[in-house]
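Visitor: Please take me closely through one part of this model, the strand pairing, and then what sits against it. Give the cut-offs as you go.

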Amino acid sequence: MRVSARTRVAAPMQSVWEIVSDPTCVLQFMSGVTRWEVASDPPTGLGARYRMLFRIGSAEVGGLIEIVEWDAPCELAWTSVTGLDQRGRFRLRGAPGGQTSVEMRLAYGVAGSGLSGWIAERIAAPTVGGHLRRSLHQLGRLVEHQQQRERAAARKAAQTGS
């Protein structure tokens, strides 16, 4: 099953990338993710691994994932190593007015489960799609709040420096 969501964030692409690519920020914006732990050294970049769990209804599913694409500040993609078969991607693009267009994609499946797995994937799709939309909304809020904090700090520094 494949689901995706898009949004526009009122911040430059680099600012969005700094949040999306930081494993310590994931639980702050990823709706439905209940666990995101670094499982490799280095903790970021191509080949980084994370243990993750994602809540779908009353179940938590996930496993070990690995970053398979890292094109800063534009694309980050992962695939499962163990656990739930999944592939995910963040795609960032510059947009007019210094904004950033953000797309999140997730493809998942219950390998080898036949008809019951196919049904489970279809039943979970609306929940997963909702998590993606909420994740992007929360990402936008997080980045925009960070931008406001940085502007406030700059104003304060300018006032104390005058």
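Guide: Start with two terms. Strands are DSSP runs of E with at least two residues, helices are runs of H or I with at least four, and both are numbered from the N terminus. Two strands pair if DSSP finds at least two bridges between them. Strands of a sheet pair through backbone hydrogen bonds, either parallel or antiparallel.

This is a predicted model, in which local features need pLDDT of at least 70, side-chain atom pairs count only at pLDDT 80 or more, and totals for chains, interfaces and linings use all residues. Residues are numbered from 1 along each chain as its sequence is written, and side-chain values use heavy atoms, leaving out hydrogens and water.

Now the sheet. It is open, and it is made of seven strands. Their order is 1-7-6-5-4-3-2, with antiparallel pairing. Strand 1 (2-9) and strand 2 (33-38) are the edges, each pairing on one side only. From one strand to the next, the twist averages 20°. Angles here run from 0 to 180 degrees between N-to-C directions, with axes fitted as lines to C-alpha atoms; for helices, the fit covers the stretch in contact.

Take the hairpins in turn. Strand 3 (residues 49-56) and strand 4 (residues 59-71) are antiparallel and share eight bridges. Arg 49 faces Glu 66 across this pair. Phe 54 stands opposite Val 61. Two residues separate the strands of this hairpin, and Gly 57 in the turn has a positive phi of about 65°.

Strand 4 then joins strand 5 through six bridges, again antiparallel. Asp 71 is placed opposite Glu 75. This hairpin has three residues between its strands. Pro 73 lies in that loop. The peptide bond leading into Pro 73 from Ala 72 is cis, with omega near -5°. There is another cis bond, from Asp 41 to Pro 42, with omega near 10°. Pro 42 belongs to the loop between strand 2 and strand 3.

Next comes strand 5 with strand 6. Five bridges hold this antiparallel pair. Leu 76 stands opposite Phe 90. The hairpin has four residues between the strands, and Gly 83 in its turn has a positive phi of about 85°.

Strand 6 and strand 7 pair over eleven bridges, in the antiparallel sense. Gln 86 is opposite Tyr 108. Three residues lie between the strands of this hairpin, where Gly 97 has a positive phi near 75°.

What lies against the sheet? Helix 1 (residues 13-20) crosses strand 1, strand 4, strand 5 (75-80), strand 6 (85-95) and strand 7 (99-109). Its direction makes about 160° with strand 6. Contact means heavy atoms within 4.5 Å.

Ile 19 belongs to helix 1. Ile 19 has a relative accessible area of 11%, so it is buried. The classes are buried under 20%, exposed over 50% and partly exposed in between, with a 1.4 Å probe and protein chains only. Setting aside residues up to four places away in sequence, Ile 19 touches Cys 25, Phe 29, Leu 139, Leu 142 and Val 143. Ile 19 and Gly 140 are 121 residues apart in sequence, yet 9.9 Å apart in space, C-alpha to C-alpha.

Ser 135 sits in helix 3 (residues 114-161). Ser 135 counts as buried because its relative accessibility is 1%. Beyond four places in sequence, its contacts are Phe 29, Met 30, Ser 31 and Met 104.

Last, the empty space. Rolling a probe the size of a water molecule over the atoms shows where such space is left. A cavity is a set of points on a 1 Å grid over the protein atoms alone where a 1.4 Å probe fits but cannot get out; lining residues have an atom within 4 Å of a point. Points are joined across faces, edges and corners, and volume is the space filled by probe spheres set on them.

The structure holds one cavity of 30 Å³ or more. The largest cavity has a volume of about 100 Å³. Its lining comprises 13 residues, with Val 20, Val 26, Trp 36, Ile 67 and Leu 76 nearest the centre. Helix 2 (26-29) and strand 5 each supply at least two lining residues. The lining divides into eleven nonpolar, one polar and one charged residues. Here Ala, Val, Leu, Ile, Met, Phe, Trp, Tyr, Cys and Pro count as nonpolar, Asp, Glu, Lys and Arg as charged, and the others, Gly among them, as polar.

Terms used
On a 1 Å grid over the protein atoms alone, a cavity is a set of points where a 1.4 Å probe fits but cannot get out, and a pocket is an open set with protein on both sides within 12 Å along at least five of seven lines; lining residues have an atom within 4 Å of a point.
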